[in-house]
Every structure is written in structure tokens, then in C-alpha cells.
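Subject: Structure for you to look at

Hi,

Here is the structure I promised to send over. Have a look when you get a chance, and my notes follow below.

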Amino acid sequence: MVLLRLLAPLLLAVYVCASPSTPSPSGRGVPKVHLESYEVTHKTTGEALPPLDTVYLFDQLIDHDDPTLGTFQQRYWVSSQYYQPGGPILLMNGGEGDATELIAYLTNYTITGWLAEKLNGSVILIEHRFFGESNPYANLSVESFRVHNLQQSIDDYEYFVKNVHLPIPGGDQLGPDKAPWILFGGSYSGALASYTMYNKPGLFAAGYASSAVVEAIADFWEYYTPIQQYMPQNCSADIQAVISHVDKVYESGNETEIQSLKDIFGLGEVAHGGDFAWALASVINTWQSLQFSSGPNTTFFNFCDALEVKDGEVAGPDGWGLEQALAAWGSYYKNGPFLFDTCGSLNSSTLATCFDTYDPNAELFTNITVNNWNRSWYWLLCNEFGFSLGGAPETIPTLASRMLGSEYYERICTNFFPEAFSNPPNMSLNAVRTNKRYGGWNVTTEHLIFLNGLRDPWRESGVAVDGSTNLGSDLNPHLLGEGYHATDMSVIDGDVNPSVRAVQLKTLQYFSQWLSEWKPSV
């Protein structure tokens, strides 16, 4: 790799989506760690403990507003390998996905296990309702989603911690009035940690909210601001040139020019401008997968190399310009692995289907079987958050086309949930309601730590937003490192980056102090 990467460290994750590639502004970015074995023993006694992938089931209320509707089985996982009586219970929510992907959060490879080891705590990983196999109903229909909202998820936390009998010593005597519980989350589940502690004061002894997307924003064009700031500037300049050209061609309405433009990228059969714009943005959005601990072979930087390295020469900070960048991007899409990995084929009609969001009869929109994270997440986006990733206002340089914005995503909501939306939802009003109810950027909850990274594309939806007047305090610390999305949750990233390790150690210091002051209420 010969591209000069100014202020842009090398990273790991490869962005691969199942076909079709529907726009999904997800915070599913907490670092993933692969475990070679789930076998564990207690750190001090050496006693063999249940494997980490042992599934436990909790009878959770279907509807906290109407307990007569009964319960469903909510999955959770437990590690007591570091636990000593009197230690804290660290509760990690799996967020918007199958929680089995996050079993490593029971170990000291990640922040929850790392802190549990140092604090003599036990770690619990709990699956979010309507994700994975923790479903109140047997399908993901609009009728089932009547109990799929932020408040029900917050109430799940309260009911769980007050009623669960944990499979650890004294596990039936570890309610939040008898033992200190610390609530953890990253990205969306980080926001949920903030919302819960704001909505349920005193329930948790402390909280950890990493890259928490606390401020719901309908048109979230600021997603691309940190990327522009920290990516190689030559690559940024050339992407901006191409996207500006794309928007001008579509604005012209010249169908011949539009077709020629799509053909350059091998996307000639993509019918709608917004879908074509999303296909281009998809490779830029792989920035969210980056971490300090990664190696050199990452989708984002491979893409930038394709644009900026010509005949062994690297472009200067202004890039090569439109003509070369357009040809290079087109070649990368038509000949490189990205579109194939995204859609499973480079066939033009297959690519058109892959990026099509206009067919309401597509399986993507009609499939209501459980463990379909995209559908469950979109319900929250359409009703609670917004987070439409799109182009910046006209006066601001943009990495994403201005054909993308809330109108594009609101239309997708009507395809996913026609029974709920005869007209597109108003994401702006939904976001205002969420922020008013749960505090957004303005939360000052005591014993809640916010951790953010300068390179995080979701930074502007968190308390580290540029220009914030809420700077935190020793009782509500705002810790800012150099990291990417939820980087501080990865212990290995602390090993390789001093700023990440600094915020991890500062967190340990705060938790140690607060736990020393905590007293049971009974």
C-alpha cells in the first residue's frame, strides 16, 4: 500500500452486506472479537465454569404497560470468571443485532471483561428485544412491533435487573438495591444506556456510553464530517469532485448523460438516482468499520489507493481531478471486489436488484421472519431516530450525493411498513420527540461516562459534537480520544493507541471511586 495516509491509521474490518444492499444507517459498529474457545475457569479458584456461549433465558414482559400480555424469553449470557462477592455486575446490551456476535464482551479482550477483571465483577450480555432470538412474538410484523420502541427496551433493563436470578454465587440476591450494577453500551446501545439512566435515575450505580448516538437527527449529513477531517485529503478531494459531477449530471435531467455515467461504474441498470447515489456512498461508509488495531488491507483505504495511486505515483493533496478520479472509481467498482462482496455478483441486473429500494414487493421489505436485524432496526429509525445519511448543504463540500437525505429514507419506511405508514413518516418530528424525552446532547446524568473518538463518523450525534456547551464534569465525564467508532471498547486498541488506553484507564479510575462510595439501599 503506497498511498500516503495523513492522520489516518490502518484498520481491520471488511464491509460485506447481504443482497440486497438497502441503505441502513446503523451504529452496529462496536468492535467484534473472535474467540478461539468459550471454555473458562474462575481466575482465582481455577474452577471450571459454564462455557461463555451458554444461553440463559429470562422471562421478560412483552408489554411493560400491560403485564397481562405475558412474557417472552429474552436471551442473556454470563461470565463470573472474575467475580468476587461484593463485586459489581456489568450489564452489556447487544444493541441492534444478534447478541451471539458479542460474546467476547464477556472476556477481558473487551472493555466490559477488562473492567470486570480489575473490579472483581461479573459480566452479563443481554439481547435486545426484537433482535436475534429474543422476540416477544413469532414474527416482525407491524402488529408485533407495537411493543418495539425505546421505552419498552429501557423498561426491559429495569425489569431484568430487579428480577433476574443470576447463575453465579448469591445470584438471587443481586438486585440493584443490594449490588452495584454498571450499564454498558456502544453506539445505539450506548445511547440506550444514556436514555435508561436519564429515564430511570438511581437504578444503575454507573454507566458507560461509548460513541453513544444520543441526539436523534433526521438529516444526518454530519456523519461524513469526521471522515472528511481524518481521511487522506487527496482521496477526499477526488470523491468530492466525483460526487459533485454526479449530482450535476442528474440535475441536468439528460438521460443519455445519466446512463453513460452509471455505465462507468457498472451500475447501468440501477433505475433511480437515489439508489445509484447509495451505491456510491456504500464504499465511503466502510470508514465506520475501521479501528486502530487493523491491518493494511481495508476496504476504505484500498478504495482510496485505487483513486490516488497512478503508475506508482501518489496524487498530491488536491487529488488527480475529476477525469482520473471518475475513471479510477469506475474501474474499482467494475473490476474490484467491493461490489461483488456487497451483492454477490457483478452482473448488471443483479447489481440493480441489489441496490433497488423502490420495489415494495422485494423480499427485503416483505420478509417478516425473526432475527432480521435490518427490519427491526429500520422500525426504530423510522419511528424514533431518523439518522438519514446524505449529502451536506449546498455551501458545504460533501462526500455523499445530495440525492440522499431524509426523503429517500422516509420512502423506504413506507416500503418496509406500509401498514404503519400510508404516507412517509416525519423523521424530523420523531427525532425532536426522542430528544425531548431522553435528553439528547444535554444529558448531565451523574455517574455516566461518555466516551467518544475524534474519527468516529457518529461523533456529531454524540456529546462530543463540535461546538457543544455541555462539556461534562467529574460526575458526568466526557472522555475524548483519537479513536473511531466505539474504539475504546476494544482492549487491543488500547494496547496500540495511547489515547485509547488513557480513556480506558480514566474510566477505571472513575468506576473504582464511585464503587467505593456506593452503598446498598436495603
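To start with a small puzzle: in the loop between which two elements is Phe130 found? The loop in question runs between β6 and α2 (150–163). Please keep in mind throughout that this is a predicted model.

Phe130 caught my eye for its backbone. Its phi is positive, at about 70 degrees, although Phe130 is not a glycine. As a reminder, most residues other than glycine have a negative phi. With a relative accessibility of 0%, Phe130 counts as buried.

Asn120 also belongs in this part of my notes. Its phi is positive too, at about 60 degrees, and again the residue is not a glycine. You will find Asn120 in the loop between α1 (111–119) and β6 (122–126). Is Asn120 buried or partly exposed? Its relative accessibility is 36%, and the cut-off for buried is under 20%, so Asn120 counts as partly exposed.

Now for the chain as a whole. Its secondary structure comes to 17 helices and 12 strands. For 522 residues, a compact globule would have a radius of gyration near 24 Å, and the 23 Å of this chain agrees with that. Along the principal axes, the C-alpha trace spans about 75 × 50 × 45 Å. Buried residues account for 61% of the 522. If you take the contacts between residues at least 6 apart in sequence, 75% of them join residues at least 24 apart.

On the surface side, the chain exposes about 19,700 Å², with carbon and sulfur atoms supplying 51% of that area. There are 26 positive and 56 negative side chains, and the centres of these two sets lie 5 Å apart.

One helix that I went through in detail is α6, which covers residues 255–264. Its residues Ile258, Leu261 and Lys262 are buried. Why do these three end up on the same side of α6? They cover an arc of only 95 degrees around the axis, which puts them on that one side. The general rule helps here: an α-helix has 3.6 residues a turn, so residues three or four places apart point the same way. As for what covers the buried residues of α6, the list includes α5 (233–252), α7 (273–284) and α9 (322–335).

That is what I have for now. Happy to talk it through whenever suits you.

Best wishes

Definitions and conventions. Residues are numbered from 1 along each chain as its sequence is written. This is a predicted model: local features need pLDDT of at least 70, side-chain atom pairs count only at pLDDT 80 or more; totals for chains, interfaces and linings use all residues. Side-chain values use heavy atoms; hydrogens and water are left out. Helices (H or I, at least four residues) and strands (E, at least two) are DSSP runs, numbered from the N terminus. The radius of gyration is taken over C-alpha atoms; the globule rule is 2.2 Å times the number of residues to the power 0.38. Buried means under 20% relative accessible area, exposed over 50%, partly exposed in between (1.4 Å probe, protein chains only). Contact means heavy atoms within 4.5 Å. Accessible areas come from the Shrake-Rupley method with a 1.4 Å probe; for residues, only the protein chains shown count as cover. Lys and Arg count as positive and Asp and Glu as negative; His and the chain ends are not counted. The place of a charge is taken as NZ of Lys, CZ of Arg, CG of Asp or CD of Glu. The arc is that of the directions from the helix axis to the C-beta atoms.
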